[in-house]
Amino acid sequence: MGILKCLTGKGSVLGLVLLLLSGCATQLAPLYDKALMDGLTAVNSSAMELLASAEGGTDKAGFGTREPGYNQLIGRFDALSLQSAARPVPSNDVLADVRKIAGDKTGQAPAIPSATALNKLARTFAMMRDTDKAQGLTPLEVKAFRGQVVIYLDQALTYEAALKR
């Protein structure tokens, strides 16, 4: 009897509102893209293979054999960056409020983290290619490039994997 009385009064309105809100979800990031994740996983292996082959250092004379590998990686990372950035980013008041709280006064939509990381990967391999072409690479330089590549790959893979949930 008490439950029926509650459902017919103010309690029913509150219950209905809670029921509706429990089914609401606000999308804050782009949707997961399986093709992007598959491409990222494949290029990750190619990048690690190139870095492993140069681990002991390189000489300028052998650059011609490595150049196609560099160019292939740069092109693949650039293509994946475009693919990632081309996804629609949800626009809503929640994102605008979060940007205000974070102190962002630009009013611009935030960049997709994986697109930024993939673009930086392409730039890192371009810099590595240009250095290799000009003088060859020392083992320490290869280690430094590898560290930078691992950071950006981790950022891109982690962000895309989180979108899958």
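At what angle do helix 3 and helix 7 pack, and how far apart are their axes? In this predicted model, the angle between helix 3 and helix 7 is about 165°, and their axes lie 11 Å apart. The two helices are therefore roughly antiparallel to each other. Helix 3 passes helix 7 in a left-handed crossing.

**Overall fold**

The chain contains seven helices and zero strands. Its pattern along the sequence is α-α-α-α-α-α-α. Of the 165 residues in the chain, 30% are buried.

**Packing around helix 3**

Two packed helices are described by the angle between their axes and the distance between the axes. Helix 3 covers residues 34–53, and its packing against helix 4, helix 6 and helix 7 is listed below.

| Helix pair | Angle between axes | Distance between axes |
|---|---|---|
| Helix 3 and helix 4 | about 155° | 10 Å |
| Helix 3 and helix 6 | about 25° | 13 Å |
| Helix 3 and helix 7 | about 165° | 11 Å |

With helix 4, helix 3 makes an angle of about 155°. That makes helix 3 roughly antiparallel to helix 4, because angles over 145 degrees count as such. The crossing of helix 3 past helix 4 is left-handed.

With helix 6, the angle of helix 3 is about 25°. That makes helix 3 roughly parallel to helix 6, because the angle falls under 35 degrees. Helix 3 also passes helix 6 in a left-handed crossing.

**Salt bridges**

Side chains of opposite charge can pair when their charged atoms come close. The structure holds five salt bridges, including the three described here.

Lys34 pairs with Asp38 in a salt bridge, and their closest N and O atoms are 2.9 Å apart. Both residues belong to helix 3, and because they are four residues apart, about one helical turn separates them. Asp38 has a relative accessibility of 41% and counts as partly exposed.

Which residue forms a salt bridge with Arg87? The partner is Glu160, with the closest N and O atoms 2.8 Å apart. This pair links distant parts of the chain, the two residues being 73 residues apart. Arg87 sits in the loop between helix 4 (63–85) and helix 5 (93–101), whereas Glu160 is in helix 7 (residues 139–163). Are these two residues buried or exposed? Arg87 has a relative accessible area of 10% and is buried. Glu160 is at 1% relative accessibility, so Glu160 also counts as buried, the cut-off being under 20%.

A further salt bridge joins the side chains of Arg129 and Asp130, at 3.2 Å from N to O. Asp130 is partly exposed, with 42% relative accessibility.

**Contacts between residues apart in sequence**

Lys120 is located in helix 6, which covers residues 113–135. Lys120 is partly exposed at a relative accessible area of 38%. How far is the C-alpha atom of Lys120 from that of Tyr152? The separation is 7.1 Å, although Lys120 and Tyr152 are 32 residues apart along the chain.

Pro139 is located in helix 7. Its C-alpha atom is 7.8 Å from that of Ala54, while Pro139 and Ala54 are 85 residues apart in sequence. Pro139 counts as partly exposed, at 46% relative accessibility.

**A nonpolar surface patch**

Which residues form a nonpolar patch on the surface? The patch is formed by Leu28, Val94 and Val98, and together they have about 240 Å² of accessible area. Val98 lies in helix 5. At 48% relative accessibility, Val98 is partly exposed, because the range for that class runs from 20% to 50%.

How values were computed
Residues are numbered from 1 along each chain as its sequence is written. This is a predicted model: local features need pLDDT of at least 70, side-chain atom pairs count only at pLDDT 80 or more; totals for chains, interfaces and linings use all residues. Side-chain values use heavy atoms; hydrogens and water are left out. A salt bridge is a side-chain nitrogen of Lys or Arg within 4 Å of a carboxyl oxygen of Asp or Glu. Buried means under 20% relative accessible area, exposed over 50%, partly exposed in between (1.4 Å probe, protein chains only). Patches are made of residues with over 30% relative accessible area and no salt bridge: like charges are joined within 9 Å, nonpolar side chains (Val, Leu, Ile, Met, Phe, Trp, Tyr) within 5 Å. Accessible areas come from the Shrake-Rupley method with a 1.4 Å probe; for residues, only the protein chains shown count as cover. Axes are lines fitted to C-alpha atoms, for helices over the stretch in contact, and angles run from 0 to 180 degrees between N-to-C directions. Angles under 35 degrees count as roughly parallel, over 145 as roughly antiparallel, 65 to 115 as roughly perpendicular and the rest as oblique. A crossing is left-handed if the near helix is turned anticlockwise from the far one by less than a right angle, and right-handed if clockwise.
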